[in-house]
Amino acid sequence: MSLVTGTDVVKEYETGGETVRALAGIDFEVERGEFVSIVGPSGSGKSTLLNILGLLDVPTRGTVLLDGEDVSTLTTAERTDRRSETIGFVFQSFFLVPTLTARENVEVPRLLAGEPKETTRRATELLERVGLGDRLDHYPDELSGGQKQRVAIARSLVNQPDLLLADEPTGNLDRDTGDVILDEFGQICEDDDVAVVTVTHDDYVADYADRVVELIDGSIVSGADAEHSRGDRRA
Ligand code: ADP
Ligand code: MG
């Protein structure tokens, strides 16, 4: 069973008496451990799709199964729970808390677990994983853009998600730093069997992904399912 299966997913927005169709009835799958990149022109529905995958929004019609469960039937509170158990987010702007150290930022999503020692242990281990073992007690303004994004990646993994969603994760980084971040996503897919789905304008992201899904005007024009996975990243 796929981690995510979307069937005939439609998303419409009503604005000023007009209906905007952001997703025009799309079918898609995401497998465990797969690195999928969503590309397409501005306004093609990329962020809408990512928000639906992230349980931040619900489709107007169609079904989305997450680990076999129809997420459209969940209450808002259940969706919030499922999101924190299953999904990690990385954004273009890193959204770190400026008054917290790198380690404290990574700990934030796990504070409610009520296991402070285990949370600190995990945060430390994750920061070491992304090459920031010597920056644990640094504040965000003492870190470079690439380092901040690596803190954000460590934070997205602290609750051991099955799915990591990233909207333009390299958008604020130079090419070399972007390469380091994309390498990190590839490692996460391999080592932790986490599925990574990125939205991007950067052509070179496709070089790292197992599969590129292309959206135009709310329709998928290529790469909808895992059979299109090139699977050559691990080669
Ligand atoms: P992308 O991320 O590919 O640029 P989006 O998913 O943000 O595209 O948007 C897809 C379409 O849906 C666009 O036409 C956009 O204007 C419209 N749209 C997105 N969000 C909203 C919203 N909250 N209300 C109304 N229209 C929206
Ligand atoms: Mg967008």
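**Exercise 1. Determine in which helix Arg129 is found, and whether Arg129 counts as buried, partly exposed or exposed.**

Solution. Begin with the element: Arg129 is found in helix 4, where helices are DSSP runs of H or I with at least four residues, strands are runs of E with at least two, and both are numbered from the N terminus. Next, take the cut-offs, by which buried means under 20% relative accessible area, exposed means over 50%, and partly exposed lies in between, with a 1.4 Å probe and protein chains only. Arg129 counts as partly exposed because its relative accessibility is 32%. Finally, place Arg129 against a second residue: its C-alpha atom and that of Glu69 are separated by 32 Å, and the two residues are 60 apart along the chain.

The model is predicted, so local features need pLDDT of at least 70 and side-chain atom pairs count only at pLDDT 80 or more, whereas totals for chains, interfaces and linings use all residues. Residues are numbered from 1 along each chain as its sequence is written, chains are lettered from A and ligands numbered from 1 in the order in which they are written, and side-chain values use heavy atoms, with hydrogens and water left out.

**Exercise 2. State which helix has the lowest confidence and which has the highest.**

Solution. The score to use is pLDDT, the predictor's confidence in each residue, from 0 to 100. Over the chain it averages 91, and 96% of the residues score at least 70. Among the elements, helix 6 (residues 175-192) is lowest at a mean of 88, while helix 3 (residues 102-107) is highest at 97.

**Exercise 3. Work out which elements supply the shell around ligand 1, and which backbone atoms lie by its oxygen atoms.**

Solution. First, list the shell, in which a residue counts if one of its heavy atoms lies within 4 Å of the ligand; its members include Tyr13, Val20, Pro41, Gly43, Ser44, Lys46 and Ser47. Second, assign elements: strand 1 (4-15), strand 2 (18-30) and helix 1 (46-53) each supply at least two residues, and helix 1 gives the most, with three. Third, look at the oxygen atoms of the ligand: a backbone N or O atom of Gly43 lies 2.7 Å from one, a polar backbone atom of Ser47 is 2.9 Å from an oxygen atom of ligand 1, and for Ser44 the corresponding distance is 3.2 Å. Taken on its own, ligand 1 has 560 Å² of accessible area, of which the protein covers 61%, as computed by the Shrake-Rupley method with a 1.4 Å probe. As for helix 1 itself, six of its eight residues are buried, among them Lys46 and Thr48, and just after this helix Leu55 takes a positive phi of about 60°.

**Exercise 4. Identify which element gives the most to the largest nonpolar core, then place Val196 and Ile153.**

Solution. A nonpolar core is a set of buried Ala, Val, Leu, Ile, Met, Phe, Trp, Tyr and Cys residues joined through side-chain atoms within 4.5 Å. The largest has 33 residues, of which Phe35, Leu127, Val151, Leu164, Phe185 and Ile188 touch the most other members. Helix 6 gives the most to this core, with five residues. Turning to single residues, Val196 lies in strand 8 (residues 195-199) and is buried, with a relative accessible area of 0%; its C-alpha atom is 7.6 Å from that of Ala166, 30 residues apart in sequence. Ile153 is found in helix 5 and counts as buried at 0% relative accessibility.

Terms used: A polar contact is a pair of N or O atoms within 3.5 Å; within protein, one must be able to donate a hydrogen and the other to accept it, and residues adjacent in sequence count only if both atoms are side-chain atoms.
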